[in-house]
Amino acid sequence: MDKIVLSGMNISELETLMKELKASNFRAKQIQNWIYLKSVSDIEEMNNLSVKFREELKQIATVTNTTIKRKQTSKDGTIKYLVEYPDGECVETVLMRFDNRANLTACVSSQVGCAVNCSFCATGKGGFKRNLTSSEIVEQVLTIQRDTGLKVTNVVFMGQGEPLLNLENVLKAIEILNTECQIGSRRITVSTSGIAPKIEDFAKANNQSTLAWSLHAPTDEIRNKIMPINKKYPLREMKKALDKYFEIAGRRVTIEYLLIKDLTDTLDCAKNLAQLLEGMKCNINLIPYNPVIENDYKKPSNNSVMKFKYILEHSGKKVTVRLERGADIDAACGQLRGKVE
Ligand code: SAH
Ligand code: SF4
């Protein structure tokens, strides 16, 4: 018989299990603490449980059934994990440390592959395999915690997959991250290519996390070329959805904008973008394109990045330029494929 997997269980599920084992609810609390905060890999390590009880628990349960298939560490401290689930499917998860050492950000995947198929993205090229369950999403954070012994403080849904096409499980995962891992919603960001009808659902269910929209182009004409999803949910429709989001959540969205040389980094694009975002409550994150797959796209020059930033700032927006993390281990944006070559 397959063993019960403890990680992914919430407190009431753990309490039910304790009842079956004729143990007290206090044991459930202790196990919860070991799984989500101390992040042990083995029941043996739960040393405030009696040896006898640990033996009993080990007979029927295990901490996790997820394994690290591969791990790569970058010069800048970024770590990329290839995580394998029991059915053999793998996704990538990245741990980023920024200068402030207390801040540890996990970049998690929400699906195996992605059906949205943006022209610049390595994940999209691999096609879509399946949705991840909420536990499988949380497992990525726990895998990092178990491996490093550190506590993840921030989570961004910017790995493989389109989170709003797996919304139910993503919301459940956020709930577990909140209550079990004690990562507050305000430290969680969900990035979407723009699934307009799901934005309102997201806002209603979770109005504390940050929503990031991968806009990447200032006109439908350019956006249609690089993001086929735009044909289904064009800019106008997305803007309406984001107005609604602001109405419900009252929170600024983050606009992610990919700078591709001579395609989306031109002065015209900057002006059109400023116009498009006029009156919208948002911050802008510029992402210099990362050449990851065979295509004609090129990185923007530093000069054009700076000019672009200046024009947007001049229009009154707060603009940041995304630092490239983990480029030497293919852990930067858009490089995640989840394959073992
Ligand atoms: N599917 C979601 C979240 C995952 S992608 C989304 O698209 O928003 C996370 C971010 O990386 C997105 O903004 C995506 O557009 C960006 N990205 C994808 N490929 C990239 C590349 N080659 N260079 C830079 N950023 C890329
Ligand atoms: Fe999917 Fe996001 Fe990649 Fe587009 S950029 S293919 S939505 S993961």
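**Nonpolar cores and ligand environments**

In the predicted model, the largest nonpolar core comprises 96 residues, and those with the most contacts inside it are Leu6, Ile31, Met46 and Leu57. At least three residues of this core come from each of domain 1 (4-62) and domain 2 (67-329). In soluble globular proteins, nonpolar side chains tend to be buried together. The surroundings of Ile31 illustrate the packing: apart from neighbours within four places in sequence, Ile31 is in contact with Leu6, Leu14, Met18, Met46, Leu49, Phe53 and Leu57. A second core, separate from the largest one, has 7 residues, among them Val94, Met96, Ile329 and Leu336.

Ligand 1 is surrounded by 20 residues, of which Gly161, Ser191, Ser214, His216 and Asn290 are the closest. Polar contacts to this ligand involve both backbone and side-chain atoms. A nitrogen atom of ligand 1 is placed 2.9 Å from a backbone N or O atom of Gly161. The side chain of Ser191 has an N or O atom 2.6 Å from an oxygen atom of ligand 1, and a polar side-chain atom of Ser214 lies 2.6 Å from an oxygen atom of the ligand. On its own, ligand 1 has 530 Å² of accessible area, 95% of which is covered by the protein.

The residues around ligand 2 are Cys114, Val116, Asn117, Cys118, Phe120, Cys121, Gly124, Gly161, Glu162 and Ser193. By class, this shell consists of 5 nonpolar, 4 polar and 1 charged residues. Gly161 is listed both among the closest residues to ligand 1 and in the shell around ligand 2.

Technical notes. Residues numbered from 1 in each chain as written. Chains lettered and ligands numbered in written order. Predicted model: local features only at pLDDT ≥ 70, side-chain atom pairs only at ≥ 80, totals over all residues. Heavy atoms only, no water. Near = heavy atom within 4 Å. Nonpolar A, V, L, I, M, F, W, Y, C, P; charged D, E, K, R; others polar. Core = buried A, V, L, I, M, F, W, Y, C linked by side-chain atoms within 4.5 Å. Buried < 20%, exposed > 50% of the residue type's maximum accessible area, 1.4 Å probe, protein only. Domains from an automatic or database assignment. Contact = heavy atoms within 4.5 Å. Polar contact = N/O pair within 3.5 Å; in protein donor to acceptor, adjacent residues only side chain to side chain. Areas by Shrake-Rupley, 256 points an atom, 1.4 Å probe, with all protein chains shown as cover.
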